[in-house]
Amino acid sequence: MRAVLIAAIFSLSCLPHTAKASESGFLRSLAGDWRGTGMVLTKIGGTNFNVSCTLKSDASESAVSMNGKCRGLAVFTRAFSANVKALGQRYTGNYIGPSGQPSKLVGSRQGDALNLRVTWARVVNGDRNAMLMIEKVGQDRLRLQTVDQDPTSGKSVVTSRIDLQRPAAAGR
């Protein structure tokens with residue numbers, strides 16, 4: 001379930017001291033337990049499915065690892081994990097979803113968002129490419145969104161959007 005790319009995991013090294021300090025704060029802000037809801041489009045032109053997701057994120061000053069699962073229609077549950085490392089300003093890593101096959105992640109951070117190009121392990125929606133954005137929204141929220149290209153029209157299509165928050169923030 002590619003929507004669960006949620007999983008983008010980051011690790012930084014080889015950055016100047018000030019950039020590393022900035023990245024350290026950003027990475028640490030992703031740590032903790034997250035839960036939320038969203039939608040997943042299984043294929044372009046198909047039906048949107050509502051999902052509820054949980055995510056556990058462990059972070060240090062130079063790495064983040066995420067493991068989670070999403071449930072849809074109270075019928076299916078999909079687990080996922082991801083790992084990303086940074087070389088200078090470039091983030092690289094992989095995502096492992098329900099297929100068990102690793103997909104590649106490459107990108108950079110712009111402000112409070114990681115923009116990652118995904119190279120799927122197999123053909124999805126006519127090719128093996130998509131974009132994943134992981135955006136920190138305020139103190140206690142995280143938005144994960146994948147965008148793919150419609151092979152027929154060439155237009156960009158949001159194929160998943162998951163809005164997560166820390167459980168403590170849900171009661172506020």
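Which backbone nitrogen does the side chain of Ser103 reach? This tour of a predicted model begins with that residue and then moves outward to the strands, a disulfide and a network of salt bridges.

**Stop 1: Ser103**

Select Ser103, which is found in strand β6, residues 102-110. Its side chain reaches the backbone nitrogen of Ala121, at 3.1 Å. Ser103 has a relative accessible area of 4% and is therefore buried, since a residue counts as buried under 20%.

Next, display the residues around Ser103. Leaving aside residues up to four places away in sequence, Ser103 touches Gly93, Asn94, Tyr95, Val118, Thr119, Trp120 and Ala121.

**Stop 2: from β6 to β7**

Now select residues 113-124, which make up strand β7. Strands β6 and β7 run antiparallel, and 7 bridges join them. To see one place where the two strands face each other, select Arg109 and look across to Leu114 in β7, which stands opposite.

Follow the chain from β6 into β7. The two strands form a hairpin with 2 residues between them. Select Gly111 in this turn; its phi is positive, at about 65°.

While the strands are on display, one general point may help in reading them. In a regular strand the side chains alternate between the two faces of the sheet.

**Stop 3: from β7 to β8**

Extend the selection to strand β8, residues 127-137. Strands β7 and β8 also run antiparallel, and here 8 bridges join the pair. Select Val118, one of the residues touched by Ser103; opposite Val118 stands Ala130 in β8.

What lies between β7 and β8 along the chain? The answer is a turn of 2 residues, which makes the two strands a hairpin. Select Asn125 in that turn, where phi is positive at about 55°.

**Stop 4: the disulfide**

Move to Cys53 and Cys70 and show their side chains. A disulfide joins these two residues, with a distance of 2.0 Å from S to S. A disulfide is a covalent bond between the sulfur atoms of two cysteines. The count of disulfides in the structure comes to 1.

Rotate the view to look along the link between Cys53 and Cys70. The angle about the S-S bond is 105°, and the link is right-handed. Cys53 lies in strand β2 (residues 48-59) and Cys70 in strand β3 (residues 64-72), so the disulfide ties together parts that are 17 residues apart in sequence. Both Cys53 and Cys70 are buried.

**Stop 5: a network of salt bridges**

The structure holds 6 salt bridges. Begin with Glu135 and Arg143, whose side chains meet in a salt bridge at 4.0 Å, N to O. Glu135 has 25% relative accessibility and counts as partly exposed; Arg143, at 21%, also counts as partly exposed.

Keep Arg143 selected and add Asp163. The side chains of Asp163 and Arg143 meet in a salt bridge as well, at 2.7 Å, N to O. Asp163 lies in strand β10 (residues 156-165) and Arg143 in strand β9 (residues 141-149), so this pair ties together parts that are 20 residues apart in sequence.

Finally, add Arg161 to the selection. Asp163 forms a salt bridge with Arg161, and their closest N and O atoms are 3.6 Å apart. Asp163 is partly exposed, with a relative accessible area of 32%, and Arg161 is partly exposed, with 33%. Through salt bridges that share partners, Glu135, Arg143, Arg161 and Asp163 are joined into one network.

**Stop 6: the whole protein**

Clear the selection and display the entire chain. How many helices and strands does the protein have? Its secondary structure comes to 2 helices and 10 strands. Starting at the N terminus, the elements run α-β-β-β-β-β-β-β-β-β-β-α.

Switch to a surface view to end the tour. The accessible surface comes to about 8,600 Å², and 50% of it belongs to carbon and sulfur atoms. Of the 172 residues of the protein, 43% count as buried. Among contacts between residues at least 6 apart in sequence, 45% join residues at least 24 apart.

How values were computed:
Residues numbered from 1 in each chain as written. Predicted model: local features only at pLDDT ≥ 70, side-chain atom pairs only at ≥ 80, totals over all residues. Heavy atoms only, no water. Disulfide = S-S within 2.5 Å. Helix = DSSP H or I, 4+ residues; strand = E, 2+ residues; numbered from the N terminus. Buried < 20%, exposed > 50% of the residue type's maximum accessible area, 1.4 Å probe, protein only. Contact = heavy atoms within 4.5 Å. Areas by Shrake-Rupley, 256 points an atom, 1.4 Å probe, with all protein chains shown as cover. Polar contact = N/O pair within 3.5 Å; in protein donor to acceptor, adjacent residues only side chain to side chain. Pairing = 2+ DSSP bridges.
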